[in-house]
Amino acid sequence: MKTLVIANQKGGVGKTANLVHLAWAAAKKGKKVIVIDLDTQGNASDTLSRYIQSDQFRSSLLFQNNVALPVLPEDNNITVVMADLKLADLPRQNAKEAFENFQKNIDILGKSGFDLCLIDTPPSLGVVMAFALKVSDFIVSPIEMETYSAKGVGLLLQTIGNLGKMPNFLGLLPSKLDRRNPRQKREYEKLKGKQGVLDFPITLRTSIGDALAEKCPVWEIKKTSARQAAKEVQLLANNIFMKMGI
């Protein structure tokens with residue numbers, strides 16, 4: 001099982017939208033996918049709610065070392081470990097023990113037949129994100145073409161550098177790019193082609209929002225603008241999966 005974390009310490013950069021579409025794209029390829037929602041907002045859990053097997057909460061992965069883990073999905077290729085609020089108790093817990101539980105449970109999942117684990121993280125540089133980074137093989141960081149977003153990634157990369165175990169940084173993902181905005185277009189042109197940048201930008205389109213509202217991939221939206229959005233998403237997914245070897 002390969003594990004990918006989608007992370008940026010700044011919210012609103014399209015982190016969850018990209019994660020759920022990677023899950024759908026991998027499932028479409030026949031891969032068995034498990035999504036772990038570590039963001040207390042629970043947006044990934046909500047969007048992927050039809051793939052939740054039972055009362056499998058992400059806090060159990062940290063607070064228990066004998067939790068009944070999800071089994072392989074039979075029909076839809078996706079399983080979700082949904083968000084809950086119990087991780088708010090993490091600062092009062094033994095962090096070392098919580099991480100050991102999390103690592104053990106991820107390792108067990110990796111031997112259960114899943115091909116891909118996708119982890120959504122909160123938009124803050126805290127213990128939860130550190131745990132996600134330490135158990136992951138790869139990281140992608142969505143970024144808006146705005147100054148504050150770029151600064152957030154800089155802090156994130158510093159955090160990764162301070163970890164004992166370094167995930168493979170696949171690159172910055174230009175996300176929610178408004179091609180009608182001259183400033184954003186200039187910022188994208190500065191980044192385009194540089195090392196550490198995924199040159200598969202996701203354009204700001206209403207069809208992505210429509211897909212999330214309908215809880216389905218954008219390629220299932222019957223709308224003209226959805227066709228180009230679907231093409232962008234699938235190009236990105238194929239590139240990421242190629243880099244991950246899945």
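Let's start with helix α8 (residues 206-214) and helix α9 (residues 224-244), which pack at an angle of about 85° with their axes 8 Å apart. That makes α8 and α9 roughly perpendicular (65 to 115 degrees). Where do α8 and α9 meet? Thr-206, Ser-207 and Ile-208 of α8 touch Ser-225, Ala-226, Ala-229 and Val-233 of α9, contact being heavy atoms within 4.5 Å. By class, this contact has 4 nonpolar, 3 polar and no charged residues.

A quick word on the source: this is a predicted model, where local features need pLDDT of at least 70 and side-chain atom pairs count only at pLDDT 80 or more, while totals for chains, interfaces and linings use all residues. Residues are numbered from 1 along each chain, and side-chain values use heavy atoms, leaving out hydrogens and water.

Now, the rings. The count comes to 1 aromatic pair, with pairing taken as ring centres within 6.5 Å. The centres of Phe-99 and Phe-131 are 5.4 Å apart with planes at 50°, so the pair is tilted (neither under 30 degrees, stacked, nor over 60, edge-to-face). Phe-99 sits in helix α4 and Phe-131 in helix α5 (residues 127-135), 32 residues apart.

Are these two rings buried or exposed? Phe-99 is buried at 17% relative accessibility, and Phe-131 is buried at 7%; buried means under 20%, exposed over 50%, and partly exposed in between, with a 1.4 Å probe on protein chains only. Lys-134 lies over the face of Phe-99, 4.8 Å from the ring centre; for Lys, that requires NZ within 6 Å of the centre and within 35 degrees of the ring normal.

Finally, Ile-108 is in helix α4 (residues 95-110) and is partly exposed at 37%.

Methods
Helix = DSSP H or I, 4+ residues; strand = E, 2+ residues; numbered from the N terminus. Axes fitted to C-alpha atoms, helices over the stretch in contact; angles between N-to-C directions. Parallel < 35°, antiparallel > 145°, perpendicular 65-115°, else oblique. Nonpolar A, V, L, I, M, F, W, Y, C, P; charged D, E, K, R; others polar. Phe/Tyr/Trp six-rings, centres within 6.5 Å; stacked < 30°, edge-to-face > 60°.
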